[in-house]
Amino acid sequence: MSDTNDPSAPYSYEQSGVSIAAGNALVRAIAPLARATARPGADADLGGFGGFFDPKAAGFSDPLLVAANDGVGTKVKLAIDHDRHDAIGVDLVAMCVNDLIVQGAEPLFFLDYFATGKLDNGVAERVVAGIAEGCKQAGCALIGGETAEMPGMYAAGDYDLAGFSVGAVERGEQLTGEAIAPGDIILGLESSGVHSNGFSLVRRLAADKNWDMHAPAPFDDSRSLLDALIAPTRIYVKALLPLLREGHINGLAHITGGGLLENIPRVLPEGCRAMIDAGAWDQPGLMAFLQEQGSIAPGEMARTFNCGIGMAVIVREDRAGRVTQALEDAGETVHAIGRIGAGKRGCRIGAAHGDWGASAEWEAAHDA
């Protein structure tokens, strides 16, 4: 390293804050994690300029490719502040692959982008281990990624994540929502917690209300409040894929930012309206805690948080029982949360048997 007091001394990249050696060491350390996600069509080796995938080897004959990318939002900051990096990678994968499955696409491969001011290989390895775990849960291969060390861009210890995934569906089998019709049943698959949306509000509440993150959760004394909040996003791919291939599902909506109110209408055709019964499932203790702590209005809850439902599954009424049983056999907790009615495209959450969603309504005309 040069002497910065000597204007004639040579400069180096490492002197500026970027260690090529550390980056190479990280690639060597995470290579086994990537190899563990190998699947037909991809060997998941790292180190090239790009990752290959062979759809024919994966069993597709005439596939349409579907791409999705996302991040984890300010949940990353919660992980950083409390040194809880091990599962944030699962969130990253989930936010992408759950968006692919709603198109009827099987996730094939995943790439990540990890950016930080100064590379801490121990932290980065923990994050990538979570990404590999998420890929295994989704059945996709981790075929590459990028680690960017950018001094001056991030505060000490901070990092950010982005994920990119590609899936495939045979031509003509893609899920468009066109088959949805009045009378269809809406099934809700339980979420594992807050998932990866609404954390700017969560963190604001935590600061303003002085939450003790390491104390037992007020709604569940078997785990800490931090454990409840940082639980990774549930990945629904393997439970849904067989039902999609059998043609039992008319529509799917991943409940992310915008909540139930704004995500379900995204998959509805014109003339169909989602009618959700707020009393059809018990609001999780975590959601009730957040609502109480912030005096959050029902409509705000329904468009900020998932309120306990991570995926909406729309099926014909005569298939609802069979689909419910198959999903429960696959490990999901399923609630019949409403039905499709005729009317202007949108969503209403009624309060006949529950009050958290009172008068919550969203009209398709609000959609940009």
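**Helix 7: a pocket and a crossing**

Tutor: Welcome! Let's start with the lining of the second largest pocket: its residues divide into 9 nonpolar, 6 polar and 5 charged. Keep in mind that this is a predicted model.

Student: Which residues of that lining are closest to the pocket's centre?

Tutor: They are V169, E173, Q174, L244 and R245, out of 20 lining residues. The space in this pocket comes to about 340 Å³.

Student: What makes a residue count as lining, and which element gives the most?

Tutor: A lining residue has an atom within 4 Å of a pocket point. By that test, helix 7 gives the most, with 4 residues. Strand 4 (159–170) is also among the elements that give two or more.

Student: Helix 7 also packs against helix 11; how do you know that they meet?

Tutor: Contact means heavy atoms within 4.5 Å. A239, L240 and L243 in helix 7 meet V323, A326 and L327 in helix 11.

Student: Why is the contact of helix 7 with helix 11 described as 6 nonpolar, no polar and no charged?

Tutor: Ala, Val and Leu count as nonpolar. The contact is built from A239, L240, L243, V323, A326 and L327, so each of these falls in the nonpolar class.

Student: How is the packing of helix 7 and helix 11 described in numbers?

Tutor: The axes of helix 7 (residues 237–245) and helix 11 (residues 320–329) come within 9 Å and cross at roughly 145°. The crossing is right-handed.

Student: How confident is the predictor in the protein chain?

Tutor: The chain averages a pLDDT of 91, and 92% of the residues score at least 70. Over residues 353–359, though, the pLDDT is below 50, and this stretch has 23 contacts in the model beyond near neighbours in sequence. Residues 364–368 also stay under 50, with 5 contacts beyond four places in sequence.

Technical notes. Residues are numbered from 1 along each chain as its sequence is written. This is a predicted model: local features need pLDDT of at least 70, side-chain atom pairs count only at pLDDT 80 or more; totals for chains, interfaces and linings use all residues. Side-chain values use heavy atoms; hydrogens and water are left out. Axes are lines fitted to C-alpha atoms, for helices over the stretch in contact, and angles run from 0 to 180 degrees between N-to-C directions. A crossing is left-handed if the near helix is turned anticlockwise from the far one by less than a right angle, and right-handed if clockwise. On a 1 Å grid over the protein atoms alone, a cavity is a set of points where a 1.4 Å probe fits but cannot get out, and a pocket is an open set with protein on both sides within 12 Å along at least five of seven lines; lining residues have an atom within 4 Å of a point. Grid points are joined across faces, edges and corners, and a volume is the space filled by probe spheres set on the points. pLDDT is the predictor's confidence in each residue, from 0 to 100.
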